[in-house]
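Reader: I am in my first year and still learning to read structures, and I would like to look closely at one part instead of the whole. Could you take me through a single region slowly, one step after another?

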Amino acid sequence: MHYTHAILRIPASTCGDGLTTAVLGKPDAQLTRLQFNAYVSVLSDLGLTVTVLPASPAFPDGHFVEDTAVVMPELAIITNPGAPSRAGETASMEPELARFKSIAHLSSGHMDGGDVLMIDKRFFVGLSNRTDLAGIAAFKALVEPLGYQVDVIEVNGGLHLKSLVNYVGRNTLLLDKNSARHRAFADYEHLIVSQEEEYAGNTLWINDTLITPEGYGHTLQQLQQLGLNIITTPPSEIKKMDGGLTCLSLRF
Ligand code: CIR
């Protein structure tokens, strides 16, 4: 898929009040904003038309916009985020996406966009603490008639499927050792992320450029072997809130 657009939301001053399992301390709101700005610049420099929505202090996790929708060529599916504190985030995203795409909604269950990996006409969907079977069934009902295959992957480590498994071009997945054993991923080449550098598994592929978090040298070396353009960007404050680089945008 060739990406031309991205939608993001400025992190609110309340971003340290969001959900997290990380024990890395509170993020600095100002530094979060700087790291966010650096990320926005990367996407714009890659030629994407970037829409940056205003901060939404009532939703401390609101800048993790990836979880509010699944955007595919044919439509944008508004999710029903699995964390109660995040349920209200979708309302303001829907009209933004409606400027570009037909809109569909999950008819039941829960889903976070961070659990949905799209590669061509295939979806890999994480069954996680945020995405349940009812949500996946509702998702399937929307995308299978459009010719997509859906594989369900149980998420046992990390917050979302894409915390651990991402497409990095060249028919290759960047993923952890456990996920690599899953039959659904057998059609792809694998680059295994070491346990120490697990966070770098959340690397973002945009039109044959990889955006990967700064400070993960071994993974960087592995990615360099793919021969793609690579950009690193600082993630420290985002990581403190269990966020990664894919979480900060919706791309289409
Ligand atoms: C949360 O727990 O929901 C946020 N603090 C982090 C969400 C990260 N989103 C993503 O990986 N797609």
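Author: What follows is a walk through K162, the pockets of the model and a helix. The model is a predicted one, and the values below are computed from it.

Let us begin with the lysine itself. K162 sits in the loop between β8 and β9, the latter being residues 165–167. Is K162 buried or exposed? Its relative accessible area is 9%, and since buried means under 20%, K162 counts as buried because its value falls below that cut-off.

Which residues surround this side chain? Leaving aside residues up to four places away in sequence, K162 touches E66, G113, G114, V116, L117, N202, T246 and R251. For V116 there is a further detail, as a polar atom of the K162 side chain lies 2.8 Å from the backbone oxygen of V116.

From here we can turn to the largest pocket, which holds about 460 Å³ of space. Of the 26 residues that line this pocket, those nearest its centre are Y3, L117, M118, K162 and R251, and two of these names, L117 and R251, have already appeared among the residues that K162 touches. The elements that each give two or more residues to the lining are β3, β6, β9, β12 (204–206) and β15 (250–251), and β6 gives the most, with four residues. Sorted by class, the lining of the largest pocket comprises 16 nonpolar, five polar and five charged residues.

It is useful to set the second largest pocket beside this description. That pocket holds about 370 Å³ of space, and 20 residues line it, with G158, L159, S163, Y199 and D242 nearest its centre. Its lining is made up of six nonpolar, nine polar and five charged residues.

Finally, β6 leads us to a helix. Helix α3, residues 133–143, has G135, I136, A138, F139 and V143 as its buried residues. Looking down the axis of α3, one finds these buried residues within an arc of 160°, so they line one face of the helix. They pack against β6 (116–119), and also against β3 (69–71), β4 (76–78), β7 (122–127) and β8 (149–154). On the face of α3 turned away from this buried side are the exposed residues L133 and A141. Two of the strands packed against by α3, namely β3 and β6, are also among the elements that give two or more residues to the lining of the largest pocket.

Conventions: Residues are numbered from 1 along each chain as its sequence is written. This is a predicted model: local features need pLDDT of at least 70, side-chain atom pairs count only at pLDDT 80 or more; totals for chains, interfaces and linings use all residues. Side-chain values use heavy atoms; hydrogens and water are left out. Buried means under 20% relative accessible area, exposed over 50%, partly exposed in between (1.4 Å probe, protein chains only). The arc is that of the directions from the helix axis to the C-beta atoms. Contact means heavy atoms within 4.5 Å. A polar contact is a pair of N or O atoms within 3.5 Å; within protein, one must be able to donate a hydrogen and the other to accept it, and residues adjacent in sequence count only if both atoms are side-chain atoms. On a 1 Å grid over the protein atoms alone, a cavity is a set of points where a 1.4 Å probe fits but cannot get out, and a pocket is an open set with protein on both sides within 12 Å along at least five of seven lines; lining residues have an atom within 4 Å of a point. Grid points are joined across faces, edges and corners, and a volume is the space filled by probe spheres set on the points. Ala, Val, Leu, Ile, Met, Phe, Trp, Tyr, Cys and Pro count as nonpolar, Asp, Glu, Lys and Arg as charged, and the others, Gly among them, as polar.
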